Amino acid sequence: EERLERIALRRRRLAATREANSAAASGGSRFNICGLSCPRGHPMVPYIKRVTGPCDECKTNIGKGVQVMACHLAPVCDWYLCRKCCEDEDRKRRAADHREDAGAGGVGSPVAE
C-alpha cells in the first residue's frame, strides 16, 4: 500500500510538472531578460531545454523544449533558470537599482546659497 501511495504521488507530481511546462510553452512567449548572470558572473542567454532537468534556483522540473535562461557557457558552466526565477531575479535587481538611484539623489546635489 505504501508503494502504491508513492507511485500515485509521483504520478501527480509528473502531471503537475507537465501541466506547468505545457502552459509555459504554449501560453508563454519567448523571453530574454538582459543583464542576468550565473553565480560565476557569466552572462545568461535564452535557451531551449534539450532534456528535462531542474531549475538551479527553485529546483522546479523544467521539461524538454521549454525556454529558460542559461549561462552562455552551457553546458560547461551548467546553470539554468526557469522563467519564474528569471523574472524574480530581474525584479530584485530592478528594486536594488531603484534604491541606489533614490539614495544617490541627495549625494553631491548642489547646495542653494
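In the predicted model, D88 is partly exposed, its relative accessible area amounting to 22%, and its side chain meets that of K84 in a salt bridge with an N to O distance of 3.0 Å. The partner residue K84 is exposed, with a relative accessible area of 55%. Both residues belong to helix α2, which spans residues 83–104, and because they are four residues apart in this helix, D88 and K84 are separated by about one helical turn. The pairing does not stand in isolation, since K84, D88 and R91 are linked in a network of salt bridges.

A further salt bridge of helix α2 joins D90 to R94, the closest N and O atoms being 2.9 Å apart. These two residues likewise lie four residues apart in helix α2, about one turn of the helix. Their surroundings, however, are described by opposite terms: D90 is buried, with a relative accessible area of 11%, a value that falls under the 20% cut-off for burial, whereas R94 is exposed at 57% relative accessibility. Side chains of opposite charge can pair when their charged atoms come close.

In helix α1, which comprises residues 2–27, the side chains of R6 and E2 also meet in a salt bridge, with 3.4 Å from N to O. R6 and E2 are separated by about one helical turn, because they are four residues apart in this helix. Here R6 is partly exposed, with a relative accessibility of 44%, while E2 is exposed, with a relative accessible area of 57%. Over the whole structure, the search finds six salt bridges, among them the pairing of R6 with E2 and that of D90 with R94.

With regard to the overall architecture, the secondary structure of the protein consists of two helices and five strands, and the elements follow one another from the N terminus in the order α-β-β-β-β-β-α. Of the contacts with a separation of 6 or more, 50% are accounted for by residues 24 or more positions apart. The protein has 113 residues, of which 21% are buried, and it exposes about 8400 Å², with carbon and sulfur atoms supplying 53% of this area.

Between the strands β2 (53–54) and β3 (61–62) lies a loop that contains K59. Although K59 is not a glycine, this residue has a positive phi of about 70 degrees. K59 is also exposed, its relative accessibility being 55%, a value over the 50% cut-off for exposure.

As to the confidence of the prediction, the protein averages a pLDDT of 80, and 79% of the residues score at least 70. Over residues 108–113, by contrast, the pLDDT is below 50, and beyond near neighbours in sequence this stretch has zero contacts in the model. Where pLDDT is low, the predicted coordinates should not be read in detail.

How values were computed
Residues are numbered from 1 along each chain as its sequence is written. Side-chain values use heavy atoms; hydrogens and water are left out. Buried means under 20% relative accessible area, exposed over 50%, partly exposed in between (1.4 Å probe, protein chains only). Contact means heavy atoms within 4.5 Å. Accessible areas come from the Shrake-Rupley method with a 1.4 Å probe; for residues, only the protein chains shown count as cover. pLDDT is the predictor's confidence in each residue, from 0 to 100. A salt bridge is a side-chain nitrogen of Lys or Arg within 4 Å of a carboxyl oxygen of Asp or Glu.
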